[in-house]
Amino acid sequence: MATDPATIDFFCDQMAGAGVFARKMFGEYAIYCDGKVVALVCDNQLFLKPTAGARALIADPQEAPPYPGAKPHFRIDAELDDADLLARLVRAVAGDLPVPKPKPARKPKG
């Protein structure tokens, strides 16, 4: 089941304090903060990358893979109702992740 666009809008609204945006990828969505993928949304569920900073903010994180074969992420459920906590979680994950490597310039076609 693909994620409903209204679900993405809700998640991004709840994380607005962290300055996030979503991009459709492989039929589902990735959530970005500071140019880094901090979460995935698959089947209308939010999965946050597991980092030490996020673990410190969630008392007992529930872990599950966002899709078959993926590494476990923190599945966010109860925290969805607390926009401030969700924004802090996203900023903590973004702060823990390395800066993405610059992409090489594309060669012109022709």
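1. A good place to start is the inside of the protein. The largest nonpolar core has 27 residues, and V38, L46 and L48 are the ones that touch the most other members. The elements giving two or more residues to this core are α1 (5–14), β2, β3, β4 (45–48), β6 (73–76) and α3. Of these, α3 gives the most, with seven residues. As general background, nonpolar side chains tend to be buried together in soluble globular proteins. Please keep in mind as you read on that this is a predicted model.

2. Next, the charged pairs. How many salt bridges does a search of the whole structure find? The search finds three. The background here is simple: side chains of opposite charge can pair when their charged atoms come close. The next three points take the pairs one by one.

3. The pair in helix α3 is D84 with R88, whose side chains meet in a salt bridge at 3.4 Å, N to O. The two residues are four apart in helix α3, so about one helical turn separates them. D84 counts as partly exposed, at 47% relative accessibility, and R88 is also partly exposed, with a relative accessible area of 35%. Helix α3, then, holds this pair and also gives seven residues to the largest nonpolar core.

4. R55 and E63 form another salt bridge, and their closest N and O atoms are 3.3 Å apart. How exposed is each partner? R55 has a relative accessible area of 42%, which makes R55 partly exposed. E63 is partly exposed as well, at 42% relative accessibility.

5. The remaining pair joins the side chains of R75 and D77, at 3.3 Å from N to O. R75 is partly exposed at 30% relative accessibility, and D77 is partly exposed with a relative accessible area of 42%.

6. Now to the surface. Which residues form a positive surface patch? They are R23, K103, R106 and K109. One of them, R106, is found in the segment after α3 (83–96). With a relative accessible area of 80%, R106 is exposed. Membership of such a patch calls for over 30% relative accessible area and no salt bridge, so R106, at 80%, clears the area cut-off.

7. Two loop residues deserve a look at their backbone. F26 lies in the loop between β1 (20–25) and β2 (28–33), and its phi is near 55 degrees, a positive value in a residue other than glycine. Is F26 buried or exposed? F26 is exposed, with a relative accessible area of 83%.

8. D34 is the second of these residues. D34 sits in the loop between β2 and β3 (36–42). D34 is not a glycine, yet has a positive phi of about 55 degrees. D34 is exposed too, with a relative accessible area of 59%. The loops holding F26 and D34 therefore lie on either side of β2, a strand that is among the elements giving two or more residues to the core.

9. Finally, have a look at G19, in the loop between α1 and β1. G19 counts as partly exposed, at 48% relative accessibility. How far apart are the C-alpha atoms of G19 and Y32? They are separated by 8.5 Å, while the two residues are 13 apart along the chain.

Notes: Residues numbered from 1 in each chain as written. Predicted model: local features only at pLDDT ≥ 70, side-chain atom pairs only at ≥ 80, totals over all residues. Heavy atoms only, no water. Patch = residues over 30% accessible without salt bridge, like charges linked within 9 Å, V, L, I, M, F, W, Y side chains within 5 Å. Areas by Shrake-Rupley, 256 points an atom, 1.4 Å probe, with all protein chains shown as cover. Salt bridge = Lys/Arg side-chain N within 4 Å of Asp/Glu carboxyl O. Lys, Arg positive; Asp, Glu negative; His and termini not counted. Charge placed at Lys NZ, Arg CZ, Asp CG, Glu CD. Buried < 20%, exposed > 50% of the residue type's maximum accessible area, 1.4 Å probe, protein only. Core = buried A, V, L, I, M, F, W, Y, C linked by side-chain atoms within 4.5 Å.
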